[in-house]
Structure formats: structure tokens, C-alpha cells
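Hi,

Here is the structure I promised to pass on. Have a look at it first, and then read my notes below.

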Amino acid sequence: MTEKTGNPYDMDSSVFDSEKYLEKLLKDCTLKQIMDTETAVIKDTQTLHSDMQTLVYENYNKFISATDTIRKMKNDFKQMESDMNLLRTKMQTITSFSEQITDTLQGTRSQLCRLSEKHSLLKRLQFLSSLPAKLKGLIEEQNYAQAVQDYLHAQKVFAQYGRQPSFDGIQRDCESILLDLKERLRTDFQMASNTAQSLSEIGELLLQLDEKPADLANEMLTCASKRLHEQIVLLQDQTERDMIEFVDMGIEGFLNDLTLVVTSYFDMFVAKNHEKESDDFQEQALRQLNIFLNQNVDKYLTLVQDRVESDIGFGDTQIMLRALDRLNRRLLAMRNICHGLDIQRNTVDIIIAAAHQLCEVHTKSLRDHFSDSLSSVRLALVSAKSDSNNGSNLNELITNLYVSMVEKVKGVLQDLLVFLQTDWSFNIKAEYKGALCVEGIRENLLIGFLRHISKVMCSFADASSSSPPNLLLVLSKTCLEMEQNGVHILITLVDDLYEIDSENSAVLTHETEICAEMRETAQTLLDAYVRLQGTNISQMLRKSVETRDWLNCLEPRSVRAVMKRVVEELASIETVVASLYEAGVRTTASSDSSRKTHFSTLTTSKQQFRSNWSNYTPSQLESSYVSNIHRLFSERIDIFTNVDFSKVSIVTGIIKIGLKTLLECVRLRTFSKFGLQQVQVDTHYLQMNLWRFVTDENLVNFLLDEILGSAVHRCLESILMEPNAVEIICERG
């Protein structure tokens with residue numbers, strides 16, 4: 001800044017030297033630069049000249065305005081000075097007149113003051129003389145408050161002039177009248193028909209008449225309790241009103257009266273200091289008031305809870321909660337009416353209890369709905385004409401049963417969600433009991449219902465239940481659907497709706513547990529279905545064996561009808577099962593397994609479990625080692641095992657039970673030659689037809705070999721029919 005200020009070549013500097021600047025410019029710059037500098041200097045000069053003119057014009061206008069303002073103020077001050085002088089003259093005149101009037105009326109004013117005092121005294125005397133009659137008139141008019149006020153006003157006069165003989169009689173009359181008034185007020189105070197408003201007013205009057213506060217406080221609470229009890233009885237009869245009207249009646253009647261009694265009692269006995277009572281009177285009064293308040297609130301809330309319990313499941317839950325919300329807001333307001341009062345019971349406990357009860361109602365509703373759905377399924381199965389017709393409708397029955405259960409549960413969860421709406425004045429999740437209630441919705445209602453489904457469905461698997469086979473199949477598939485989809489949908493829904501963190505909870509049931517129970521139930525039902533259908537097949541085969549005279553049989557010419565019936569029954573079962581389950585994996589069958597009899601001896605047979613009894617010569621049948629060799633090189637076959645959820649596994653389980661029964665029946669009979677040959681024909685027919693139903697045809701071949709082998713051992717003349725003849729009979733059959 002210093003360098004710039006002291007630079008003689010800087011036009012803005014105070015030491016600018018034009019000669020030196022021009023000399024330096026001519027020396028250092030070209031002609032074009034000099035001309036540009038000249039143009040710039042001329043332009044700057046014109047700009048500065050214009051700015052100077054603008055400043056001069058502006059300052060000139062301001063100067064003219066200031067001159068006009070000063071001239072105007074000078075004229076205004078002259079006018080104001082003349083007005084002030086005139087005002088001062090007039091005030092002096094007023095002061096002079098006032099002094100003259102004061103001097104003139106000095107004596108008269110003193111006389112008027114004396115007369116005014118005498119007039120006031122006469123009015124008091126007149127008031128006292130007419131007080132007894134006035135008090136009687138007010139009492140007759142039942143204007144007790146005015147009578148007490150007049151008497152209290154007169155007591156000041158009696159205190160000053162009561163010793164005068166003329167006032168003594170008036171005072172005795174007034175006291176006598178007031179005694180009668182006290183008795184009347186006490187009588188009215190003890191009447192149960194009094195409202196809370198009149199009770200408070202009478203109590204206040206008795207306090208003003210120097211009644212003992214302690215006795216009056218106890219009496220006030222006793223009388224108020226009678227009145228409030230009458231209102232409780234009245235509310236008990238309002239069963240025809242809806243919940244909102246019932247609660248509004250309680251708020252406008254019972255709670256309003258209770259609030260009025262509490263506030264009046266508090267103002268009369270707790271807030272005021274009564275000198276004639278003990279020092280702890282206020283504490284005792286507050287304690288009694290708290291007991292009185294909580295007893296009556298508890299009575300009323302018990303009545304409300306009884307009404308809620310009677311309405312649960314029959315009325316609209318939204319209306320019920322709206323009514324309880326109003327009641328809760330009123331009780332919250334009552335908690336703040338007086339300092340030191342504590343209402344122990346609240347509406348939230350009733351709401352939580354209502355939620356629990358509604359959960360129980362919904363649980364029963366879900367179970368009843370599930371029972372009705374099962375009855376509908378059974379009726380639909382019974383009304384079907386045949387199993388084949390049933391098979392086409394089983395998927396529809398399963399879908400209806402599954403969807404009805406899931407949708408019913410969703411509706412119940414949505415209905416219970418009304419307890420958690422944000423516009424209520426209460427938040428049950430903030431309470432410990434409420435949080436347990438929300439978890440109870442998940443555990444007791446949803447998880448409990450899912451387990452109930454599993455338990456009820458599993459009961460149909462008992463042998464004593466006599467359930468239709470297709471019912472077991474429908475229930476098993478429904479449980480499988482629940483395990484694969486339904487359980488996840490419902491548990492995820494309840495966790496999302498009620499904001500339950502079940503994943504990180506150690507006490508809540510995990511989804512995998514319920515899925516495992518559902519799958520176990522599905523497995524049990526499917527196994528029961530296999531046992532039942534296997535038993536049906538077994539009964540057909542057992543009766544066919546036990547009712548035939550095998551020692552007197554004719555030479556076989558055809559396959560017995562029961563064997564055809566068994567194959568038809570298995571085909572029907574396969575059709576039904578195929579409509580519900582996937583085919584499953586089965587061992588590839590040989591191309592000739594159902595059509596040809598392989599002529600091979602036991603020593604040259606390469607395929608294990610191939611039926612060879614129809615190929616053996618009589619000399620070979622004499623060997624007792626044939627069947628033993630079969631058992632030695634075969635795996636043990638478990639008959640009653642769990643089946644897979646596939647068509648071939650289910651039908652295989654049924655066939656195993658039927659063939660095992662046939663084997664045991666054959667072992668108990670004795671056969672002739674033709675009886676043995678009939679068994680040979682029947683087993684070969686079964687071999688031709690059963691292979692396509694099972695997972696492994698070797699299993700069927702082994703059991704049929706066992707059957708024919710047992711027949712051979714039980715035969716009196718073990719001569720088998722030629723294989724070609726057997727095949728012709730079976731193909732013709």
C-alpha cells in the first residue's frame with residue numbers, strides 16, 4: 001500500500017507526476033500502446049466527470065429537502081409555544097377556582113361524611129333486625145347458600161355489638177335458625193339420592209357453619225359411595241346398549257360424579273388447612289381419598305371388564321376398542337386432577353385381557369372351522385361314487401382345505417391387529433403383559449393351531465379311527481403342503497404384522513419345528529394309508545385262500561377272479577395316488593418280465609429273485625434247498641416301513657403288505673396237485689401285472705417265489721403245471 005501511494009507513475013497516487021508519466025510512456029511504449037492509453041484515459045475522465053455530476057445533483061436535492069424541513073419545524077415550534085402558553089394560563093385559572101370551591105364546601109363535606117357513617121350504621125342495624133325473618137325466608141326458598149352468607153356477614157356485627165341487650169335477642173334467634181339449617185343440611189347430606197354436585201355444595205356449607213371437618217369428610221365419602229353404587233347398579237342393567245353407549249354412560253355419569261366428589265373433597269379437606277384438626281389430618285384425608293377413589297374405579301373397571309368379556313366374540317372388536325380408548329383417555333385425565341392421587345388400576349389391563357380372551361375365541365373359531373372343513377372333506381369323499389371319480393377331485397379337496405385354513409388364519413391375524421393401531425391412546429406392546437400377549441398371539445393362537453392341525457390329522461391314522469383311505473391321502477398331502485408352504489407363509493406373516501423377532505428369540509417356536517411336525521404327520525398319515533389299503537388287499541386275498549377247498553380243486557383253467565380284482569384295485573389306487581404325488585424313481589424292468597416265463601434251472605439262473613418255480617422239473621422240486629438258496633442270496637424285505645412321498649413307493653408298500661398276507665395264508669393251508677397249480681397260475685398272473693406298480697420288480701418276484709415255494713412245501717403231490725400252459729392261461733385271463 002505504501003509503494004502504491006508513493007509511486008509517481010500511478011494516477012491514483014497522491015504524488016503522481018504527469019510529466020514523468022508522459023516521459024516514461026513515450027519512452028517505453030509503441031505508438032499503438034500510447035493511443036490505447038490515451039483512449040483509456042479519456043474514457044476514465046468522462047466516467048469520473050459523469051459520477052461527479054451525479055453526486056452533485058444528489059447532494060443538492062438533499063440540501064434543499066433539509067432546508068424545507070428546518071423551515072417547517074421552525075414554524076411548528078412557534079405554534080406549539082403559543083399553545084403551551086395558553087394552556088398554562090387556563091390551568092392557573094382552574095387551580096384558582098378549585099381552591100375557592102374547596103374553601104366554600106369544607107364545612108359541608110365534614111357534615112356529609114358524618115351523615116354517611118350514620119346511614120351505614122342504620123343499614124347494618126336494619127339488616128340485623130330483619131336478619132331472622134330473612135334467614136327463615138331464604139331457608140323456606142331452599143336458598144341455603146345465601147342464608148349462610150348472610151349469617152356469616154352478620155357474625156362480624158355480632159362480634160362487635162353482641163353484648164348489647166338489643167342485639168342479644170337477634171343473635172339468639174339467628175343461632176336457633178342456623179341450628180335448624182344445620183340439621184336440614186345434615187339430613188340432605190345423608191340422602192343417597194343427592195347428586196355429587198349437591199353433595200359437594202352441602203358439604204361446603206356445613207364447613208362454613210363450623211362443622212367438624214373429620215366427621216364431615218368421612219360422612220361425605222360414605223354418602224358418595226352410596227350414590228356411586230346406585231350408578232353401578234344402573235349400569236349393570238344397560239346390557240342392551242352397545243359398547244360405546246355403555247362406556248359413554250359410565251363416563252358421563254359415574255366417572256363425572258366420581259371426579260366431582262374427589263375434587264370437592266380434595267379442595268375442602270386436603271387443600272385447606274383446618275386449625276381445629278390435628279396436624280396429620282390432611283395426610284389422613286388424602287389417604288382416605290385415595291382408598292375411596294381406587295375402590296370405586298376398581299368397581300367400575302370390573303363392571304367394564306365383565307361387559308367386555310360378554311361381548312368378546314359377539315360384537316365388533318373395533319367398536320369395543322374405540323369405547324375402551326375413550327375410557328382410557330378419561331382415566332388418564334383423572335390421574336392429573338389432583339396432586340397426590342394415584343389410580344392403581346388402568347384400562348390397559350382390561351384391553352390385554354380382552355386380547356387374550358379374543359385369542360381364545362379365535363382359537364376355538366379356527367378349530368371349529370378346521371373341524372367343519374374336515375367334515376366337508378369326509379362328506380365329499382363319502383358322496384363320491386367311486387375311488388376313480390374321487391381321484392380326479394382329490395386335488396380340489398386338498399386345495400380347498402389348505403386355502404380355507406390359511407385364509408382363515410390370515411383373517412384372524414388381521415382382526416387381532418386392531419389392538420396395535422397407532423391412533424389408540426394405549427400401547428399394549430409397551431406393557432410387559434401386553435408384550436407377552438403379542439407373543440401369545442403367535443405361540444398360543446398360530447403355533448397352537450398348527451399343532452392342533454397336526455394332532456387332529458394324526459389321530460385319523462389310528463387303527464381305531466376307521467377313516468376312509470382317501471381321507472388319509474388328502475390329509476397327508478395337505479400336511480405336506482403346509483410343511484412346504486403354509487407354515488412359512490403364516491409364521492412370516494405374524495412376525496411381520498406384529499413386529500416379532502422370532503429368529504433371535506430363545507423362547508419362541510422356530511418355523512423348522514412346526515415344519516418337522518407337519519412332515520412327520522404327513523408321513524404317519526401316508527403310512528396309515530398304505531397299511532389300510534394293504535389291509536384291504538390282504539382281506540381279499542386272505543378270504544380267497546381261507547374259503548377255498550385246496551385239496552379238492554379241479555385242474556386250473558383260468559386265473560381266479562380275486563387276483564383280477566386285486567390288480568384292478570391296485571390300478572385304481574395308482575390312479576388316485578398319481579393325481580397327488582410324483583411318479584418317483586423305479587428300477588428299469590426287463591422287457592420280458594410281464595410276458596414270458598424264463599426256462600432256466602436254478603444253477604444256470606443269472607438274475608436274482610427271478611420267478612423260477614414254474615420252470616422247475618419235478619426232480620428239481622424234490623430238493624429242499626431251493627427256497628433256502630433264494631433266502632440266502634436275497635436281502636431282507638421290510639414290510640411295514642415308511643414310504644416315500646411318491647407314487648411307486650406308496651403302491652409298492654401296499655403290494656408288499658398284500659403279498660406278505662398271501663404268503664402267510666398259503667403257509668397255513670394244505671394243497672393238492674391242482675391246488676398247487678392254481679397257486680402257480682395266480683402267482684404268475686400277479687407277476688405279469690404287478691411289476692409295473694413297484695419300484696423294483698425283483699421285490700415282487702421274490703415274494704411271489706416265496707408264496708409258490710410255500711405252496712410247494714405244503715402240497716401233498718408237488719407237480720407243477722408246464723410253463724407254457726401257465727403262460728397261456730394267464731394271457732387268456
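**What I found, beginning with Pro 8**

Pro 8 sits in the loop that runs between helix 1 (2-5) and helix 2 (18-28). With a relative accessibility of 23%, Pro 8 counts as partly exposed, because that value falls between the 20% limit for buried and the 50% limit for exposed. Setting aside residues up to four places away in sequence, Pro 8 touches Val 15, Phe 16 and Asp 17. There is also Tyr 21: 13 residues separate Pro 8 from Tyr 21 in sequence, and their C-alpha atoms are 7.4 Å apart in space.

Before going further, please keep in mind that this is a predicted model. The average pLDDT of the chain is 77, and 74% of the residues score at least 70. The stretch to watch is residues 591-625, where pLDDT stays under 50. The model does have 71 contacts beyond four places in sequence for that stretch. Still, predicted coordinates should not be read in detail where pLDDT is low.

**The chain as a whole**

The chain has 733 residues, and 42% of them count as buried. How many helices and strands are there? The chain has 23 helices and zero strands. If you take the contacts with a separation of 6 or more, 79% of them are between residues 24 or more positions apart. The accessible surface adds up to about 40700 Å², and carbon and sulfur atoms account for 52% of that.

**A nonpolar patch**

On the surface you can find a nonpolar patch of about 740 Å². Its members are Met 73, Phe 77, Met 80, Met 84, Leu 87, Met 91 and Ile 94. Phe 77 belongs to helix 3, which covers residues 31-129. Is Phe 77 buried or exposed? Phe 77 counts as exposed because its relative accessibility is 52%, and the limit for exposed is over 50%.

**Salt bridges**

The structure holds 22 salt bridges. Here are some to look up:

- Arg 241 and Glu 245 join their side chains in a salt bridge, at 3.9 Å from N to O. Arg 241 is partly exposed at 31% relative accessibility, and so is Glu 245 at 37%.
- Arg 451 and Glu 513 form another, at 3.8 Å from N to O. This pair links distant parts of the chain, with Arg 451 in helix 14 (residues 432-459) and Glu 513 in helix 16, 62 residues apart. Arg 451 is partly exposed, with a relative accessible area of 32%, and Glu 513 is partly exposed too, at 39%.
- Arg 557 and Glu 555 meet at 3.1 Å, N to O. Arg 557 is exposed, with a relative accessible area of 52%, whereas Glu 555 is partly exposed at 38%.
- Lys 660, Glu 664, Arg 667 and Glu 706 are linked in a network of salt bridges.

**A buried charge without a partner**

Asp 527 is worth a stop. It lies in helix 16 (residues 511-546). Asp 527 is buried, yet it has no salt bridge. Which side chain of opposite charge is nearest to Asp 527, and how far away is it? That is Arg 531, at 5.3 Å. A salt bridge needs the nitrogen and the carboxyl oxygen within 4 Å, so the pair does not count as one. Leaving out neighbours within four places in sequence, the contacts of Asp 527 are Thr 641, Asn 642 and Val 643.

**Two more residues to look up**

Glu 499 has a phi near 55°, which is a positive value in a residue other than glycine. You will find Glu 499 in the loop between helix 15 (469-497) and helix 16. Glu 499 counts as exposed because its relative accessibility is 67%.

Lys 364 is placed in helix 12 (residues 347-383). Lys 364 is exposed as well, with a relative accessible area of 52%. Along the chain, Lys 364 and Phe 449 are 85 residues apart, while their C-alpha atoms are separated by 9.2 Å.

Cheers

How values were computed
Residues numbered from 1 in each chain as written. Predicted model: local features only at pLDDT ≥ 70, side-chain atom pairs only at ≥ 80, totals over all residues. Heavy atoms only, no water. Patch = residues over 30% accessible without salt bridge, like charges linked within 9 Å, V, L, I, M, F, W, Y side chains within 5 Å. Areas by Shrake-Rupley, 256 points an atom, 1.4 Å probe, with all protein chains shown as cover. Helix = DSSP H or I, 4+ residues; strand = E, 2+ residues; numbered from the N terminus. Buried < 20%, exposed > 50% of the residue type's maximum accessible area, 1.4 Å probe, protein only. Lys, Arg positive; Asp, Glu negative; His and termini not counted. Contact = heavy atoms within 4.5 Å. pLDDT = per-residue confidence, 0-100.
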